[in-house]
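Hi,

Here is the structure I promised to pass on. Have a look at it first, then read my notes underneath.

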Amino acid sequence: MDCHDLWMMEEPPRVKAILRRQRSSRICWMKERWKIDNRTTLSFQPWVKVCLTSPMEPMDVTFWALDVTVLRAENINNGDYLSEADCYVTVSLPSQSEKVCRTVTVGNDPNPEWNETFTFTINDEGVKSTLEVCLYDEDPMKTDDLLTMVTLDISSLTPEEKETRKFTVNSEGQLWLAFRLRQSKKREERVHNHSTEPSAIENVSYSTLNVTILSATLSGDSDFMSACDGYVIVNLPTATAKPFRTKTVGNDNNPVWNEIVTFRVPTNVKNIIEFKLYDEDPLAPDNLITTLVFDIDTLTGEGKETKEFIITPETENKLLIEFELQKTEDPSSEYLSNGIIMAAPFCVLDVDTNQLTRHEAMRGKALKLRGAYEEVQTIDPSLNPQLRFYVNRDLETEIGVETRNNFNINIMESSVPLKPLQDKKTCQLSLVMEDEKVDFELKSNDWEDDYMAVRLDFDIPKEEKEFIKKRKVVVSQALQKLLGLEAPPRHEKLPTVAIVASGGGARAMTGLLGSLKGLKDTGILDAVTYMSALSGSTWALATLYQEANWSQQDIDEIISAAKEQMTKSVLSAFSMEKFQYYDKEILKKENNGYLVSFIDMAGLVLEHLVFGKKVTHKLSEQKKAVEEGQNPLPIYNAVNIKDGIGLGQTEAEWCEFTPYEVGVKKYGAFVQTEDFGSRFFLGRIIEKLPELPIPYYLGIWSSVFSINVTQMWSFATGNKPLWTPWLGPDINEIEVDSKQVTLDTTVIDGTTETNMFLTNFFKDRPVVAEMYNILRGFLMRWDYSRSSNFVAWKDTHPDAFPNQLTPNDTTMRLVDAGHAINIGCAPVLRPERDVDVIITLSYSWDPSAVCRVLKKTAAYCQDHNIPFPDVNYDELQKEPKEVYVIEDVKNPKAPIVVHFPLVNITFKDFKQPGVKRKTEEMKAGEVDVSTSNSPYTTDNMTFSEKDFSALIDLTSYNIVNNQDSILGVLRKAREKKAFSAED
């Protein structure tokens, strides 16, 4: 018998009346829902206790939204006579969530102003909890100073009323906060494995924006034969999916339009309006003269404001536009938010195709709903009697029939505008097709599984927190043994250690296995909590984590199995049998609903080279290898590529993959690993696709090696492929050698049917891995650029253009993280992971710049305000070492880095630490990891048995020979952590 207890404590008096009304209806629902019989006991005062003979199903829960606005502070004295306080405020509900909201830091100001609002979603029980607000003085040199902490009993608030309260700070200062407790909509509580609770609800109001396109001054169009035939397209994507177009003013370099367009603008989101000025051309695609963007947050909202936009300063070309921003009385809406991105209300719209095909003109056509998912759908009742569109409910849009014009550009043949629809409403619409009126209904419906599959939060997931608790038991015992302690250290005094490995193809895989052997032999591996890998080092992790207890087993057996695979002929990946296998598997992936690319074949080639067999193992199945904390948590890395504006730089957005989640920390968006690859919109899974096996991820994580596969394809088939792998701007730093791959076996006939099929198959497909975008449909919050996750202060950087950021994309363009930095420090530098020591294992082919990867990491951290050792890396690497211990004593928040480059210094003379080689053993120490004649250059994807073993021995030796350096750092980090815990 399953028993479930419901505790309804005596409610706070201010919310008691509301809860009493809910309780009576809830009990009736309980009797009907659970068929209460004589074995069920009910007692209502002062609580309800229900004992059931069957498991309890979820019951309706009332949700409350608590808005906390941090207003300002006055007379804040930090006790420092050299400078004023650098204040920030944190807000949390410890009894409800581990989430801590934080304002920006207002520097050197005793009277800071924030005006930042945070919203917490709580249930009935949460109304009885206590809010904690802390005021800090930020200190870059040590732990931030807590100036004061105030608490608030939420039950003391009057529901639906906004209250401002003043709190005293150190006798003379004051802190002002505003609160509002409001009843959120009632929702059925759903039970899912993936918790999205930290998402906050923000109340979003609306404004009306009137935009009048006045006139332009132009010097002439590009054909020099006539004056400009100008028109303007206006788009505000946060408000409408339908761009507005002015009329064309023909043959006039001083066109006057005086046309007005009105937008319903949601507040709280970043509203950037775009203007595109065109010169119309009847014989060719119209010429785009200029694109202008304008942030409407800069408007005062006080009447009409005319702005003059300079197009070309040297010719004084300009565009004149008038704005008028007004408040509206429209009721507000609830948006989900993590402080960076926001999810607007979700809406499902259905169209009956049978209604449409009653008209001959509609048969075989496609219906388009701008801004929806999917935007264009074929009208065919035999395939789908109902077309279903998913859309942002607040979006003004347009629905109609799509066709192509003479320039092969999609246009609307007939359309009607569509205003936002409320839930469960029916709208009667009409289209005119070939002089025939086509009537049809558009219905807005509830979706049967409307829950957020995207976790909007910057914290690590609860599953990872549970792992950390279990891993600390292992780490504590390891440190006791390593440091000779009398007892295992308390968990709060344990330093968090991460291993971070670089790329480098087969060299990185083999080198990492050797380094891990050294770390295991010294006992240091058990003191490690995280392992982050990219490119070639992911091959090693993917091999290890198929074994649930690999770090507790004999690692020599794993290395021996890897040796068997990594020493076979590369050309074995290009046999006729393999071509047929690639054909079958890639078509299977496409039939499952995935996008496919040449990177998929590269992944299957790696499957053969690394594993030597078909691998069905999935990333989510690696949970078995960490469920008891028995191994470090693996983190695999890729980057999502965003192009800059014009000649602006490319942005590489780090995307991390763990057995628990896949996500982009920059946006605070994560999904369950088994859901990644599915189709998402506004945080919901629109279509669930089966999880991909690990080889396809290897293709993404190490996509830079597609150039090697391309070279081998050419040699093996005798044909140059019709695709070119995407290499990116920093390809030389990702170490793909330009020389031709050397193969020593016969050439395969390049004219076989399967070979030709694969060649043509990839011809028109992307050469980067495109995955359905988990961020699709989200909006950027109005103040996103204040986050250090973004570098919007760089004028041409993609971060400066919110309308072009990843939430606006259909797919994510994922590539090898080596395109950004060829070592995976970024995920372990997340403050939520609180890493104290980073052991970097670099297998980059940088013989003259062994600290290059750290220098690039330091530059990344500087851009994003992440603590990292700020030292002269160029000077550091002038003296070759087996290990570099890098600590920034001026910045105690920065982790200590223990850096192992790929070098052969003492190994040449010592076969083991302290054991010199004999004369006949000297040749074994001649492991070349620095010249162009080395067998370990990146173009070599497999090695001889001798070379494989030599690299294992070298990297293992370098760890063991320098274990005292690691232990010294662990001792220092533990002492620092212990001091911090006591402080």
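To start: is R245 buried, partly exposed or exposed? R245 counts as partly exposed, because its relative accessibility is 37%, which falls between the 20% and 50% cut-offs.

Keep in mind that this is a predicted model. The mean pLDDT of the protein is 84, with 83% of its residues at 70 or more. Go carefully with two stretches, though: pLDDT stays under 50 over residues 185-197, and again over residues 726-754. The model still has 36 contacts beyond four places in sequence for residues 185-197, and 72 of that kind for residues 726-754.

Now the salt bridges. Searching the whole structure turns up 54 of them. R245 takes part in one with E280, where the closest N and O atoms are 3.0 Å apart. R245 sits in strand 14, while E280 is in the loop between strand 16 and strand 17, 35 residues apart. E280 is partly exposed too, at 32%.

Another salt bridge joins E375 and K368, at 3.9 Å from N to O. Here E375 is partly exposed at 28%, but K368 is buried at 10%.

A third one pairs D834 with K977, at 2.6 Å. D834 is in the loop between strand 41 and strand 42 and K977 is in helix 15, so this pair ties together parts that are 143 residues apart in sequence. D834 is partly exposed at 41%, whereas K977 is buried at 12%. There is also a network: E464, E656, R830, E832 and R833 are joined by salt bridges that share partners.

Cheers

Note on methods: Residues numbered from 1 in each chain as written. Predicted model: local features only at pLDDT ≥ 70, side-chain atom pairs only at ≥ 80, totals over all residues. Heavy atoms only, no water. pLDDT = per-residue confidence, 0-100. Contact = heavy atoms within 4.5 Å. Salt bridge = Lys/Arg side-chain N within 4 Å of Asp/Glu carboxyl O. Helix = DSSP H or I, 4+ residues; strand = E, 2+ residues; numbered from the N terminus. Buried < 20%, exposed > 50% of the residue type's maximum accessible area, 1.4 Å probe, protein only.
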